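Student: I would like to go through this chain with you. Please show me the sequence and the structure.

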Amino acid sequence: QLRLVESGGGLVQPGGSLRVSCAAPGFTLDTYTIAWFRRAPGKERVGISCISRNGGNTYYADSVKGRFTTSRDSASSTVYLQMNSLKPEDTAVYYCAADRKRLCDTHWSLFGPYDDWGQGTQVTVSS
């Protein structure tokens, strides 16, 4: 089973930027579709973004479209979620998830299930 590790969370002011990363130490993520999910306080976990295995396709939920960008670096086998123009409502625990069979092509790609999940990283947007 793939062990995913998220990093890069923290506290940021509204309007600021933050980049979170997803990696699997000892493994390559090149053969996995990667999705980003988040769980805000008191709410269910929701999918916000995904990226295809070759990085050619990405998909975003309306809530983050135009502000968040997901990318992947094959050399380091790391997937990134760049978050700009952050709002207090972006406060959540952010998770990455991986699956070899899923595609990143429609809004259904932002729904589970995914085979492997990270433990999450906290992002807090507050002044």
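Tutor: The questions below go from the whole chain to its strands. This is a predicted model, in which local features need pLDDT of at least 70 and side-chain atom pairs count only at pLDDT 80 or more, while totals for chains, interfaces and linings use all residues. Residues are numbered from 1 along each chain as its sequence is written, and side-chain values use heavy atoms, with hydrogens and water left out.

Student: How many helices and strands does the chain have?

Tutor: Helices (H or I, at least four residues) and strands (E, at least two) are DSSP runs, numbered from the N terminus. From that end on, the elements run β-β-β-β-β-β-β-β-β-β-β. The count is 0 helices and 11 strands.

Student: What is the radius of gyration of the chain, and what would a compact globule have?

Tutor: The radius is taken over C-alpha atoms, and the globule rule is 2.2 Å times the number of residues to the power 0.38. For 127 residues the rule gives a value near 14 Å, and the chain agrees with it at 13 Å.

Student: Which strands stand at the edges of the open sheet?

Tutor: Two strands pair if DSSP finds at least two bridges between them. The open sheet has 4 strands in the order S1-S3-S8-S7, with antiparallel pairing. Each edge strand has a single partner, so one side of each is left without a neighbour in the sheet; these are S1 (5–7) and S7 (68–73).

Student: Which residue is the bridge partner of serine 7 in S3?

Tutor: S1 and S3 (residues 18–23) pair in the antiparallel sense over 3 bridges. In S3, the partner of serine 7 is serine 21.

Student: Why is strand S4 largely enclosed by the rest of the structure?

Tutor: Buried means under 20% relative accessible area, exposed over 50%, and partly exposed in between (1.4 Å probe, protein chains only). Strand S4 covers residues 33–39, and it is largely enclosed because its buried residues number 6 of the 7.

Student: Which residue in S9 is the bridge partner of arginine 38?

Tutor: Strand S9 (residues 92–99) pairs with S4 in the antiparallel sense over 7 bridges. The partner of arginine 38 there is tyrosine 94.

Student: Which residue takes a positive phi in the hairpin of S4 and S5?

Tutor: S4 and S5 (residues 45–51) run antiparallel and are joined by 6 bridges. Isoleucine 34 stands opposite isoleucine 51 in S5. The hairpin has 5 residues between the strands, and the residue with a positive phi, near 75°, is glycine 42.
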